[in-house]
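Dear colleague,

I am handing over the structure below, and after it I set out what was found. Please read the notes with the structure open beside them.

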Amino acid sequence: MEKPLLVTVVGPTAVGKTEFAIRLAEALDTEIISADSRQFYKSMHIGTAKPTNVERARAVHHFVDFADMTQTLSAGEFERQVLTK
């Protein structure tokens, strides 16, 4: 069985990762799984550069505004959540 392609986009803040990832998702007709440790939380907005509603409309973004600040999630639980998407 062929494994799905996984493309990882990494880099410092404000270099265009979001726009690049959206264009890539559009070209590959796929969705985005965010692993950003700050965009993950619903109430964390300042300094997170979360994708705008317009950007989110261009490509489905998983795990943006996903958890409450009081919720604890381990790397293992994050993996389990990702594998169900």
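Is L28 buried, partly exposed or exposed, going by its relative accessibility? The model is a predicted one, and in it L28 has a relative accessibility of 45%, so it counts as partly exposed, a class that lies between the cut-offs of 20% and 50%. L28 belongs to helix 1, which covers residues 17-28, and together with L5 and V7 this leucine makes a nonpolar surface patch of about 300 Å².

Helix 1 also takes part in the charged pairs, of which the count comes to 7 salt bridges in the model. As a general matter, side chains of opposite charge can pair when their charged atoms come close. One of these salt bridges joins the side chains of R58 and E19, with an N to O distance of 3.0 Å; because R58 lies in helix 2 (residues 53-58) and E19 in helix 1, this pair ties together parts that are 39 residues apart in sequence. A salt bridge also forms between the side chains of R58 and E26, again at 3.0 Å from N to O, and this pair links distant parts of the chain, with R58 in helix 2 and E26 in helix 1, 32 residues apart. Taken together with R23, the residues E19, E26 and R58 are linked in a network of salt bridges.

As for accessibility within that network, R58 has a relative accessible area of 32% and is partly exposed, E19 is partly exposed at 27%, and E26 is likewise partly exposed, with a value of 39%.

A salt bridge of a more local kind is found between E77 and R80, whose closest N and O atoms are 3.2 Å apart. Both residues lie in helix 3 (residues 75-83), where they are 3 residues apart, or about one turn of the helix. E77 is partly exposed, its relative accessible area being 24%.

The last residue I would point out is H62, which is found in strand 2 (residues 61-62). With a relative accessible area of 17%, H62 falls under the 20% cut-off and is therefore buried. Its side chain makes a polar contact with the side chain of E31, at 2.4 Å. Leaving aside residues up to four places away in sequence, H62 touches E31, I32, I33, S34 and K85, so that E31 appears both among these neighbours and as the partner in the polar contact.

With best regards

Methods. Residues are numbered from 1 along each chain as its sequence is written. This is a predicted model: local features need pLDDT of at least 70, side-chain atom pairs count only at pLDDT 80 or more; totals for chains, interfaces and linings use all residues. Side-chain values use heavy atoms; hydrogens and water are left out. Helices (H or I, at least four residues) and strands (E, at least two) are DSSP runs, numbered from the N terminus. Buried means under 20% relative accessible area, exposed over 50%, partly exposed in between (1.4 Å probe, protein chains only). A polar contact is a pair of N or O atoms within 3.5 Å; within protein, one must be able to donate a hydrogen and the other to accept it, and residues adjacent in sequence count only if both atoms are side-chain atoms. Contact means heavy atoms within 4.5 Å. Patches are made of residues with over 30% relative accessible area and no salt bridge: like charges are joined within 9 Å, nonpolar side chains (Val, Leu, Ile, Met, Phe, Trp, Tyr) within 5 Å. Accessible areas come from the Shrake-Rupley method with a 1.4 Å probe; for residues, only the protein chains shown count as cover. A salt bridge is a side-chain nitrogen of Lys or Arg within 4 Å of a carboxyl oxygen of Asp or Glu.
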